[in-house]
Amino acid sequence: MGIKGIDVSHWQGNINWKKVAGDGIKFAFIKATEGTTLKDNKFETNVSDANVAGIKTGAYHFARFGSKSEALAEAKFFLSVVKNVKLSYPLVLDLEVNQRKVSKSVLTDAAVAFLSEIEKAGYFAMIYSGKSFLENCLDESKLKPFALWVARYNNTLGRHADIWQYSSSGQVSGIAGNVDMNICYRIGLRAQVSVKTEKVATIKPVSNKKPVKTETVYTVKKGDTLSGIAQKYKTTVKALQSLNNIKDANKIYIGQKLKIGGSSPNNKQYYTIKSGDTLSGISKRFNTSIKTLQAWNDIKNPNKIYAGQKIRVN
């Protein structure tokens with residue numbers, strides 16, 4: 001079982017997204033860009049109308065690059081277009097042809113550069129490719145940190161993937177002609193993986209002319225340390241540990257929200273998976289077991305975790 005979805009571009013013409021939703025479609029990946037100059041003329045309309053219909057939307061970019069520099073240029077163009085819309089599913093690199101006839105290593109490194117640029121901008125990055133192209137023309141070992149969407153028009157996919165594109169000739173209400181059909185097996189896919197620092201006002205009774213206290217909520221960024229955060233907000237590491245129920249001062253993670261003032265919570269602790277992480281490594285870091293992490297986070301296969309995934313660790 002999985003979540004039913006589609007992917008579309010201007011080739012599908014005018015889409016009645018209300019009818020699409022009524023046909024059981026839960027998500028849609030919508031073409032945004034290609035290369036460094038081509039923008040799909042139906043992108044904004046499709047995203048907006050699909051959102052109104054209650055369908056989760058992601059965006060994809062068709063790759064033309066053959067080097068890291070070209071990949072970065074395409075990623076920046078892609079980001080400049082998608083920033084103008086509201087998305088709820090990942091940003092996808094559509095890499096299914098070797099446009100520049102470069103080596104497997106060069107093309108894969110360029111793809112990683114593209115996907116890393118997407119993550120750097122705070123988005124959840126995913127790569128799409130055909131099963132044969134992925135397995136023969138790319139180095140999968142370098143792509144493990146990223147969510148995977150694989151096309152294979154067959155009764156079975158025959159490999160792991162977070163999303164399987166199983167047909168290019170689907171029929172869906174609200175769309176004239178054929179449309180690509182997909183099944184998503186990954187629960188929790190989303191558009192963004194990071195949140196900016198924010199401040200939350202905490203109202204407390206005022207007496208004896210004492211000012212209202214403002215509680216700062218800080219979101220941990222790459223490179224942060226607890227001692228550095230403590231110094232920045234003129235507090236102590238021990239105070240932050242007590243307030244946020246942090247047992248090990250060296251174990252904070254990107255995306256974690258830390259209270260700088262207030263009372264100590266008893267919330268569960270979560271960790272956002274980074275590139276290169278393994279479940280066994282995370283279990284050792286947080287003094288728990290792989291089986292416990294699997295049970296808490298409904299992870300069936302301990303070898304199938306992905307960068308940006310947030311999991312409970314205690």
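**Exercise 1. Contacts along the chain**

Determine what share of the contacts in the chain with a separation of 6 or more comes from residues 24 or more positions apart.

*Solution.* Step 1: Consider the contacts in this predicted model whose partners have a separation of 6 or more. Step 2: Among these, residues 24 or more positions apart account for 59%. Step 3: For the setting of these contacts, note that the chain has 9 helices and 14 strands. Step 4: Of its 314 residues, 46% are buried. Its accessible surface is about 16200 Å², and carbon and sulfur atoms contribute 50% of that area.

**Exercise 2. The pair α3 and α4**

Describe how helix α3 and helix α4 are arranged with respect to each other, and state which residues meet.

*Solution.* Step 1: Two packed helices are described by the angle between their axes and by the distance between the axes. Step 2: Locate the elements: α3 spans residues 68-82 and α4 spans residues 104-120. Step 3: Their axes come within 8 Å and cross at roughly 30 degrees. Step 4: Angles under 35 degrees count as roughly parallel, and α3 and α4 are therefore roughly parallel to each other. Step 5: The crossing of the two helices is right-handed. Step 6: On the side of α3, the residues in contact are K68, A71, L72, E74, A75, K76, F78 and L79. They meet D109, A110, A113, F114, E117 and I118 of α4. Step 7: Sorted by class, this contact holds 9 nonpolar and 5 charged residues, and no polar ones.

**Exercise 3. The surroundings of S9**

Decide whether S9 is buried or exposed, and name the residues it touches.

*Solution.* Step 1: S9 lies in the loop between β1 (3-8) and α1 (17-22). Step 2: The relative accessible area of S9 is 6%. Step 3: Buried means under 20%, so S9 is buried. Step 4: Leaving aside residues up to four places away in sequence, S9 touches K31, D40, N46 and Y60.

**Exercise 4. The surroundings of V112**

Classify V112 by its relative accessible area, and describe its place in the chain.

*Solution.* Step 1: V112 belongs to helix α4. Step 2: Its relative accessible area is 21%. Step 3: Since buried means under 20% and exposed over 50%, V112 is partly exposed. Step 4: Without residues up to four places away in sequence, V112 touches K142, L143 and F146. Step 5: Between V112 and I127 there are 9.4 Å in space, C-alpha to C-alpha, while the two are 15 residues apart in sequence.

Notes:
Residues numbered from 1 in each chain as written. Predicted model: local features only at pLDDT ≥ 70, side-chain atom pairs only at ≥ 80, totals over all residues. Heavy atoms only, no water. Helix = DSSP H or I, 4+ residues; strand = E, 2+ residues; numbered from the N terminus. Buried < 20%, exposed > 50% of the residue type's maximum accessible area, 1.4 Å probe, protein only. Contact = heavy atoms within 4.5 Å. Areas by Shrake-Rupley, 256 points an atom, 1.4 Å probe, with all protein chains shown as cover. Axes fitted to C-alpha atoms, helices over the stretch in contact; angles between N-to-C directions. Parallel < 35°, antiparallel > 145°, perpendicular 65-115°, else oblique. Left-handed = near helix turned anticlockwise from the far one by under 90°. Nonpolar A, V, L, I, M, F, W, Y, C, P; charged D, E, K, R; others polar.
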